[in-house]
Structure formats: structure tokens, C-alpha cells
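Student: I should like to go through this protein with you, step by step. May we begin once the sequence and the structure are in view?

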Amino acid sequence: MNIEKTRTKAMRLRRKTREGGIAYRALTIIGDRHPWYDWGHRLMILVGEHRTGSFDAPRGRDLWYRFADENEAHGQIITTHDYADVRATDGQDVSWRIFDVQDEGGTVKLGFWGERITHYGLSRRELALFRRWDLWECRARGEWFGLRRWLYFKGLHAAVYLKRPFACNAVPPMGSGGYSHWHCEVRGKHDTHRYRNYTWARAERVRYEEVR
Ligand SMILES: [Zn+2]
């Protein structure tokens, strides 16, 4: 079967699957246009955090929460990962707070919604909520206790420093105007190295060539 047809079919089939689910990821990989040896990109699709069409660094989802009946001391704490739930209470007399993951998972910010962000403390109940969220949402589901992030950044590194198998893979010399992740894609004997549209020869500056 024609590879192009297979890709189109995969992307069409993908619309019927749950966004970010395993079937969705598998079909994305089949439909993917990166070169076959670019396993890094495929690994990122497999383990990345899916958000609106892209696969980012794995991390926990933000947690919105509020107190039922605005009672901070007793009763239910209502939680959601979905901002739509927060918007749904617009106009009602409820106030949401958020554990907001930023910086690719490096920072958690605490905030009130609907006002300026002001400092606030966490009560014991909120600390318990925070610990549970951090353990199950961030560490377990979001990061697979580190494995998921390790895989993702392994893939990212491989994708950036992509090497074509059996190709020359030389990189432009320092100061030639090229980058150290540009690996020459040419196979066999050649005088001029090439990475995508960039070419360079020995003791020459990198040149850009129009698409052939
Ligand atoms: Zn070369």
C-alpha cells in the first residue's frame, strides 16, 4: 500500500479516537512525516504530555479546587483538571484556587482565580490535597516517577541531534555559521556536506540553498 495513503488514512482514523489516548498516539506515529530513523520524535509522541495537538514535556495537570459551600474547614473539596468546569461556574458566588504547574514541571504556583494572584497559605486540608495531587497526578500519572520524563528528553535529544543511518553525519566546523546538531545527510563519497538546505565544504562557511 502507498505510504502516503496509509498516512492520510491514519490521520482520518485518528479523529475517532480519544485525544491523547494510546490509539491516538499510535495513529499519530503512523501519520508522522519525520524520517523513518527519527525515533526521537516518535518517542516524544508516545510519552509526551498531549496538549492541543502537540506533545510536550510530561508533567502533572494543573489542579483546580474549591470548597463546597465556601466552607474551608469542613465538607467536600471539589477538584477538576478541566478549566471548562471553572468557567462553568462564572457568575456564581464560588472561588477557585489552583495548583499551577509551570516551567515544564519545574515550578508549582499557587493562585486564586478571578482576582489578582495574591499570596496565601495552605491549611492542613489543602496540604493533604496538595500531597495527594503531587504524588498521584504529578509523579505517578504525569511523570511515571521520572521514567516518562527521562524517555521524553531522551527522544527530544535524539530528535535534535538526529543522525541519518549510514550517512556521513559530519557537523559544520566551529565558526562556520552552522550548528553542532546539523549532521550531514549525504551517503557515499562527496566533497560538499549537506544538512537539509544547508551545505558546507572543508574550510568554507555554511551556505543556504533554495529547495531543489
Ligand atoms: Zn558529509
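Student: What is the average pLDDT of the protein?

Tutor: This is a predicted model, in which local features need pLDDT of at least 70 and side-chain atom pairs count only at pLDDT 80 or more, while totals for chains, interfaces and linings use all residues. Residues are numbered from 1 along each chain as its sequence is written. The term pLDDT denotes the predictor's confidence in each residue, from 0 to 100. Of the residues, 96% score at least 70, and the protein's average is 90.

Student: Which helix gives the largest share of the largest nonpolar core?

Tutor: A nonpolar core is a set of buried Ala, Val, Leu, Ile, Met, Phe, Trp, Tyr and Cys residues joined through C-beta atoms within 7 Å. A residue is buried if 20 or more other C-beta atoms lie within 10 Å of its own, exposed if 12 or fewer, and partly exposed in between, with C-beta atoms placed from the backbone. The largest core has six residues: Leu 43, Met 44, Ile 45, Val 47, Phe 55 and Tyr 152. Four of them, the largest share, come from residues 39-47, which form helix H3.

Student: Which strands stand at the edges of the open sheet?

Tutor: Helices (H or I, at least four residues) and strands (E, at least two) are DSSP runs, numbered from the N terminus, and two strands pair if DSSP finds at least two bridges between them. The four strands of the open sheet follow the order S4-S3-S5-S6, and their pairing is antiparallel. Two strands have a single partner each, so one side of each is left without a neighbour in the sheet: they are S4 (77-80) and S6 (107-112).

Student: How many bridges join strand S5 to S6?

Tutor: Strand S5 covers residues 97-102 and runs antiparallel to S6. Within this pair, Arg 97 stands opposite Phe 112 in S6. The number of bridges joining S5 to S6 is six.

Student: Is Ile 78 buried, exposed or partly exposed?

Tutor: Ile 78 is found in strand S4. Two residues are in contact if their C-beta atoms, placed from the backbone, lie within 7 Å; leaving aside neighbours within four places in sequence, Ile 78 is in contact with Tyr 65, Arg 66 and Ala 68. Because 14 other C-beta atoms lie within 10 Å, Ile 78 is partly exposed.

Student: Which element has the highest mean pLDDT?

Tutor: Among the elements of the protein, S6 has the lowest mean, 88. The highest mean, 97, belongs to S4.
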